[in-house]
Amino acid sequence: MDSLSTPWLIIILLGLILASAFFSSTETSMMAINRYRLKVLAKTNKNAKRTERLLENLDHLIGTILLGNNLVNIFAASIATILAIKLWGEGSVILASLALTFIILVFAETTPKTFAAKNPEKVALPASIVIDLFIKLFKPFVWIIAQISQVILTSLGVKTQNENASITSEELRMVVSDAKPIIASTYQKMLLNIIDLEQVKVEDIMIPRNELISVDINKPDKLLKQLEHIQHTRLLTYDTSSDNITGLLHMRDIVNLYAKGDFSIENVLTLIRTPYFVPEGTSLAHQLAHFQTQKRRLGLVVDEYGEVRGAIVVEDILEEIVGQFTSNQNEIIDEIVKQEDGSYLVDPRVNIRELNLLLQLNLSVTKAKTLNGLILETLQSIPKHDVSLKIDNVLIDIVQISEQTIKLVRLKKLD
């Protein structure tokens, strides 16, 4: 090395600094590149496909990059030392080391890594050609380094398996939220609602048991009279006790009997469909899939004791995705009336999720599903008239109570 002329030493040193910049930028770009965009590019781009393959084995990829980077940096330090002694004597070694540290930090670390982080595809894809070659050349050395590293990590109790391959629901939400320029806001909300289907349970949106219309099959006269005035499309039937649900009647089938002239109580009873029960705690995502496989549109939600708590219909699950439909929206608006002072008169039986959606609130749905349940859960007793309470940033006034039941409340959002 001493036999080389000064110009050649300078050229070699500059080449090593460039090599160090290459390895540094490659490492950053490989870690910063978007894996999902890379999968798309890999279908048509050979370099992208090679990069994706390299990223499948991070141990060999990082080991090769670090091996190359350390080799060129150590080699550069040796050349700089020889060059400094040759030009300025042995007293300049420390000064040369400081100068080389500054040069490597700026030109071989900070600058190339910043550029690579902002333009990962421009760096990673072409660099994959060289890195792939180096991996093949240094494979035995890299394998030894990787094994030693794994032994050390295992002894420290660190898991060496790649746990970042899957994406969590929160990360997926962030991806969708950041896609505003690409996805219209309406479709973006739908995608976010689909992601949330796994978190929402059937009891969160079910029709409560006390709102379900049912009739005793042992009382045909009452059944026929109820059919004349019913405004619902479905009617539950029970045998003697309202807790003993026997099935479901669809008004469409009864209308068909009228059209054919075959209407009679006997024929009506033959139309009763077997009830489909859904255990509470089932997520909307799973229940939607169950509705598809079972070819059902309505299920009865039961608790751990088998008691019916309410009903879940496929339309309500679809509304969780696309938003409220007009008919149901009007029903909810009837339950929430805005006052001149900015407050709202609310029927406390309203579902908290619907209330949060309409009034942009953030009331908890973990302890109760209706506003009435949330008030009772907070007070731990049946409230008296003119009682006020504050939940989160909402002031709630009890306006009307009848027979120990809350009939009407006033809500006001606090700033």
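**Exercise 1. A salt bridge at Lys369**

Find the acidic partner of Lys369 in this predicted model, and work out where the two residues of the salt bridge lie and how accessible each one is.

*Solution.*
Step 1. Begin with Lys369 itself: its relative accessible area is 25%, so Lys369 is partly exposed.
Step 2. Look for the partner. The side chain of Lys369 meets that of Asp204 in a salt bridge, at 2.5 Å from N to O.
Step 3. Place both ends on the chain. Asp204 sits in helix H10 (residues 202-205), while Lys369 belongs to the loop between helix H17 (352-359) and H18; the pair links distant parts of the chain, 165 residues apart.
Step 4. Check the accessibility of the acid. Asp204 has a relative accessible area of 7%; buried means under 20%, so Asp204 is buried.

**Exercise 2. Two further salt bridges**

Locate the salt bridges Glu320 with Arg353 and Glu121 with Arg37, and say which helices they connect.

*Solution.*
Step 1. Take Glu320 and Arg353, whose side chains meet at 2.4 Å, N to O. Glu320 is in helix H15 (residues 314-322) and Arg353 in helix H17, 33 residues apart, and this pair too links distant parts of the chain.
Step 2. Assign the accessibility. Glu320 counts as buried at 18% relative accessibility, whereas Arg353 is partly exposed with 25%.
Step 3. Now turn to Glu121 and Arg37, where the closest N and O atoms are 2.4 Å apart. Glu121 lies in helix H6 (residues 120-137) and Arg37 in helix H2 (residues 35-41), so their salt bridge ties together parts 84 residues apart in sequence.
Step 4. Compare the accessibility classes of this pair. Glu121 is partly exposed at 24%, and Arg37 is partly exposed at 43%.
Step 5. Put the pairs in context: the structure holds 11 salt bridges.

**Exercise 3. Aromatic rings**

Describe the geometry of the Phe22 and Phe23 pair, then find the cluster to which these rings belong.

*Solution.*
Step 1. Recall what to report: a ring pair is described by the distance of the centres and the angle of the planes.
Step 2. Count the aromatic pairs; there are 4.
Step 3. Read off the geometry. The ring centres of Phe22 and Phe23 are 5.4 Å apart, with 70° between the planes, and the pair is edge-to-face. The angle fits that class because planes over 60 degrees apart count as edge-to-face.
Step 4. Add the surroundings. Phe22 is partly exposed, with 25% relative accessible area, while Phe23 is buried, with 5%.
Step 5. Follow the ring pairs: they link Phe22 and Phe23 with Phe134 and Phe138 into a cluster.

**Exercise 4. Positive phi**

Two residues other than glycine, Gln380 and Asp392, have a positive phi. Locate each and state its accessibility.

*Solution.*
Step 1. Set the background: most residues other than glycine have a negative phi.
Step 2. Gln380 has phi near 60°. Gln380 lies in the loop between helix H18 (371-379) and strand S10 (388-391), and counts as exposed at 60% relative accessibility.
Step 3. Asp392 has phi near 55°. Its loop is the one between S10 and strand S11 (394-402), and at 44% Asp392 counts as partly exposed.

**Exercise 5. A nonpolar patch and a distant neighbour**

Which residues make the nonpolar surface patch, and what does Glu198 touch?

*Solution.*
Step 1. The patch covers about 670 Å² and is made by Trp143, Ile144, Ile148, Ile152, Leu153, Leu156 and Val158.
Step 2. Take one member as an example. Ile148 is in helix H7 (residues 139-155) and is partly exposed, with 48% relative accessible area.
Step 3. Move to Glu198, in the loop between helix H9 (185-196) and H10; at 36% Glu198 counts as partly exposed.
Step 4. Leaving out residues up to four places away in sequence, Glu198 touches Ser283, Ala285 and His286. The C-alpha atoms of Glu198 and Leu284 are 6.1 Å apart, across 86 residues of sequence.

**Exercise 6. Confidence**

How confident is the predictor in the chain, and where does the pLDDT fall below 50?

*Solution.*
Step 1. The mean pLDDT is 83, and 94% of the residues reach 70 or more.
Step 2. The pLDDT is below 50 over residues 326-332, a stretch with 7 contacts in the model beyond near neighbours in sequence.

Notes. Residues numbered from 1 in each chain as written. Predicted model: local features only at pLDDT ≥ 70, side-chain atom pairs only at ≥ 80, totals over all residues. Heavy atoms only, no water. Patch = residues over 30% accessible without salt bridge, like charges linked within 9 Å, V, L, I, M, F, W, Y side chains within 5 Å. Areas by Shrake-Rupley, 256 points an atom, 1.4 Å probe, with all protein chains shown as cover. Salt bridge = Lys/Arg side-chain N within 4 Å of Asp/Glu carboxyl O. Helix = DSSP H or I, 4+ residues; strand = E, 2+ residues; numbered from the N terminus. Buried < 20%, exposed > 50% of the residue type's maximum accessible area, 1.4 Å probe, protein only. pLDDT = per-residue confidence, 0-100. Contact = heavy atoms within 4.5 Å. Phe/Tyr/Trp six-rings, centres within 6.5 Å; stacked < 30°, edge-to-face > 60°.
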